[in-house]
Amino acid sequence: MNIIGITGAIGSGKSTAANFLKKKANAYYFDADLEAKNHLMSSAKTQEKIIAAFGRKKIIKNDSFNLQLLASVAFKNKINQKILNQIIWPEVYLLIKSTIIYAKKNNFKNFIVDAALLIEANFNHLFNYIILITAPEKIRIERALKRNNLSLNQIKKRNMLQWPDEIKQKYANYVIENDKSISDLQKKLTKIF
């Protein structure tokens, strides 16, 4: 089974690329961000670790664990992000590993992980191939703003907390510049695949 990691900064088009390859390759698709959130919301143990790290008042709203409050705390600075990542990344790693086993048992020929911080988390050794999707910052910001779920300030903060593409390129098997249309991105992915 080919295990493929797709990564890139916010607004680069990594999820668009991963979804295209999922269909083209009939692959098992693992959205690391979504899976991490689902795990977090279902794991009282993980929630307690995060509450212990940041404080109940900063994370709990109406007696419930609140992902928006967590995001505002976690993306405030590099220290907070590092604390959260030290709690979450080992658990996401185990989720990926167990899902790879499931995908192999179910005869998937390809397994795709869509993760913005795949390289920062030191997960790169899990993959046969890593595809880095890049785009100029102006284009990435425009794309991220169109989603209407983050402010310009939030997007810039998240960008600053990620490694620059120049560093990520050293770990990638393939780098795709996604500065044109979706069909152009799909052609480049098809060529690689």
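How many bridges join E1 to strand E6 (residues 129-134)? Four, and the two strands run parallel. This is a predicted model, so read the tour with that in mind.

**Stop 1: strand E1**

Select residues 2-7, strand E1. The strand is mostly covered, with five of its six residues buried. To find the E6 pairing, pick Gly5: its bridge partner in E6 is Ile130. Now add strand E5, residues 110-114. E1 and E5 also pair in the parallel sense, over five bridges. Pick Asn2 and look across to Asn110 in E5, which stands opposite.

**Stop 2: the aromatic residues**

Stay with E5 and show Phe111. The model holds seven aromatic pairs. In one of them, the ring centres of Phe30 and Phe111 are 6.4 Å apart and the planes meet at 35°, so the pair is tilted. Phe30 sits in strand E2 (residues 28-31) and Phe111 in E5, so this pair ties together parts 81 residues apart in sequence. Both Phe30 and Phe111 are buried.

Next, select Tyr93 and Phe123. Their ring centres lie 5.6 Å apart with planes at 50°, so this pair is tilted. Tyr93 belongs to helix H6 and Phe123 to the loop between E5 and E6; the pair therefore ties together parts 30 residues apart in sequence. Tyr93 is partly exposed, at 24% relative accessibility. Phe123 is buried, at 7%.

Now display Tyr28, Phe30, Tyr102, Phe108 and Phe111 together: they form one aromatic cluster.

**Stop 3: Thr99**

Move to helix H6, residues 78-105, and select Thr99. Is Thr99 buried or exposed? Thr99 is buried: its relative accessible area is 12%, and the cut-off for buried is under 20%. Beyond its neighbours within four places in sequence, Thr99 contacts Tyr28, Phe30 and Phe111. Those three residues are among the members of the aromatic cluster.

**Stop 4: the largest pocket**

Switch on a surface. The largest pocket has a volume of about 1400 Å³. Its lining counts 44 residues, and the closest to the pocket centre are Asp33, Lys37, Phe75, Ala116 and Arg158. Colour the lining by class to see 22 nonpolar, 13 polar and nine charged residues. Helices H1 (14-25), H2 (32-42), H5 (67-74), H6 and H8 (152-160) each supply at least two lining residues.

**Stop 5: Lys76**

Finish in the loop between H5 and H6, at Lys76. Lys76 counts as exposed, at 55% relative accessibility. Draw a distance to Lys157: the C-alpha atoms are separated by 7.5 Å, although the two residues are 81 apart along the chain.

How values were computed: Residues numbered from 1 in each chain as written. Predicted model: local features only at pLDDT ≥ 70, side-chain atom pairs only at ≥ 80, totals over all residues. Heavy atoms only, no water. Buried < 20%, exposed > 50% of the residue type's maximum accessible area, 1.4 Å probe, protein only. Contact = heavy atoms within 4.5 Å. 1 Å grid on protein atoms, 1.4 Å probe; cavity = no way out; pocket = protein on both sides within 12 Å on 5 of 7 lines; lining within 4 Å. Points joined across faces, edges and corners; volume = space filled by probe spheres on them. Nonpolar A, V, L, I, M, F, W, Y, C, P; charged D, E, K, R; others polar. Pairing = 2+ DSSP bridges. Phe/Tyr/Trp six-rings, centres within 6.5 Å; stacked < 30°, edge-to-face > 60°.
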